[in-house]
Amino acid sequence: MLTRENWGSKIGFILAATGSAVGLGNLWKFPYITWHNNGGAFVLIYLVSVVIIGWPIMMAEILLGRHTSESPVPAFEKAGGKGWSIVGWLGVFTGFVILGYYSVIAGWTITSFISCAKWSFSGYVAPASGAFGDFMADGSLQIFLSFLFIAATAIIIWRGIKEGIEKVTKILMPILFVILVYLVMMVLFLPGRNAAFAFLFSPNFGELPWEGVLEAVGHAFFTLSLGMGVMITYGSYMRKEESIAGNAALVVFLDTFVAICACIIMYTIIFTAPGVKESVSGSTVGMLFITLPNLLYTEVPFGTIIAPIFYILVAFAALSSTISLLEVIVSLFIDKLGMTRHAATFIGAAASFIVAIFSALSLGALSFLSNFSFFGKGKEGVLSTLDHLAANWLLPVGGLFITLFVGWRFDKKICENEIALFGPDGNTTLTYKLFRFFLKFTAPIAILAVILAVIIMGKDFS
Ligand code: TRP
């Protein structure tokens, strides 16, 4: 049997895991939900959730993957028996669901980039008000764009862990951080800066809709790529001598940093442009794909330079996330069905593309795909249904089982040894005890609250 591939360097895991975490969730979803939950207090609750729920679950996933050196299904099988492996299968299913709509939205970054590049060279022409709707309703274009994205993802996965994922994220992630910091520095010169900081960082709990608390928890899963086994898979390629707690903490920190930077960039621009605050497009796609390009060209000094760069950033961030989604699927096909990496990549990508076709056609191209309501809340269509399904159900349920398994069922000694937070006296340190407490109690209770809120009140956290 071949020995399992490992990350080629210490930073391999961090870059790939950060690449998975940082994505449309940070640049598209977070600024949008923070805006609708009125800023400050929501941000604070989100930060707390990320520390007391996100960090321990990320550690739990990594340790399960590293201990078993397996992808989610065989990892659960090895560690907990056949019954638990259902959690692994659920994760793979979730991978198809997320990839099947994420790749469509990711495709929009390509057209946004092209439009911006055109505007930067030959002058900005404001698009007609229904232009984005027409674009979404163009079925063949939507299919083509998602195909491009899935194909790019597959090419990288095809090449394997060291040669594919690690090499690409090693290039993409530093570029992404440089562009991001550059953009933050640029907007700091704009007058809207103070209002943006006040909005983000002065909590006023009276303004936080109480469901916002639960929304923050749900988003923590999505943005950190937790609940479907990405971190189990990436952890399975991690060397024994690396610190799980430290790596997980760094990934959580970097992901949060990007999300906050994205808010600073967008809100500063929004608060700088007169009148825009009131008219920020209400739709989920609005802020990133409709409002922002317009503002960049009309309100921001050097906007012509910033705009195309910004959409490259978003595209890169999305790509390093789709890589992780496909890798979960591919590693299962390899480990469980004995396929070669190439066959697994081809089949996994083709199957995801089929799901993506349905999402792509549900944005206006085929009315029967856009006019049905699965969750009983008006018209939704395939794309939003998949998003709801993943964010409201699959990720929290997957995450709950992962926490319960590692916290309550898995061998405590193995946990201790994997995490290896021992003090000089040989006893586990406070950090380990905190991790244990969050994992056993705080995280499952918070997730249960989210699931119950979804069931009882029909709340929508996507
Ligand atoms: N975390 C990514 C984002 O914020 C999306 C993502 C990638 C994801 N892999 C995942 C979400 C696995 C949930 C589970 O855009």
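## Close-up views of a ligand inside its protein

**View 1. How confident is the predictor in this chain?** The mean pLDDT (the predictor's confidence in each residue, from 0 to 100) of this predicted chain is 89, and 94% of its residues reach 70 or more. Confidence is lowest in helix α13 (residues 276-279), with a mean of 65, and highest in helix α16 (residues 341-360), at 96. Helices here are DSSP runs of H or I with at least four residues, numbered from the N terminus.

**View 2. The ligand sits in the largest cavity.** A cavity is a set of points on a 1 Å grid over the protein atoms alone where a 1.4 Å probe fits but cannot get out; sitting in it means that more than half of the ligand's atoms lie within 2 Å of its grid points. Elements giving two or more residues to the shell around the ligand are α1 (10-21), α2 (24-36), α5 (85-122), α10 (211-223) and α15 (303-337).

**View 3. Meet the 17 residues that surround the ligand.** Each has a heavy atom within 4 Å of the ligand, and the closest are Ala21, Gly25, Tyr102, Phe222 and Ser225. The shell holds nine nonpolar, eight polar and no charged residues. Here Ala, Val, Leu, Ile, Met, Phe, Trp, Tyr, Cys and Pro count as nonpolar, Asp, Glu, Lys and Arg as charged, and the others, Gly among them, as polar.

**View 4. A backbone N or O atom of phenylalanine 222 lies 2.8 Å from a nitrogen atom of the ligand.** This is a polar contact, a pair of N or O atoms within 3.5 Å.

**Notes.** Residues are numbered from 1 along each chain as its sequence is written. In this predicted model, local features need pLDDT of at least 70, side-chain atom pairs count only at pLDDT 80 or more, totals for chains, interfaces and linings use all residues, and side-chain values use heavy atoms, leaving out hydrogens and water.

Methods
A polar contact is a pair of N or O atoms within 3.5 Å; within protein, one must be able to donate a hydrogen and the other to accept it, and residues adjacent in sequence count only if both atoms are side-chain atoms. On a 1 Å grid over the protein atoms alone, a cavity is a set of points where a 1.4 Å probe fits but cannot get out, and a pocket is an open set with protein on both sides within 12 Å along at least five of seven lines; lining residues have an atom within 4 Å of a point.
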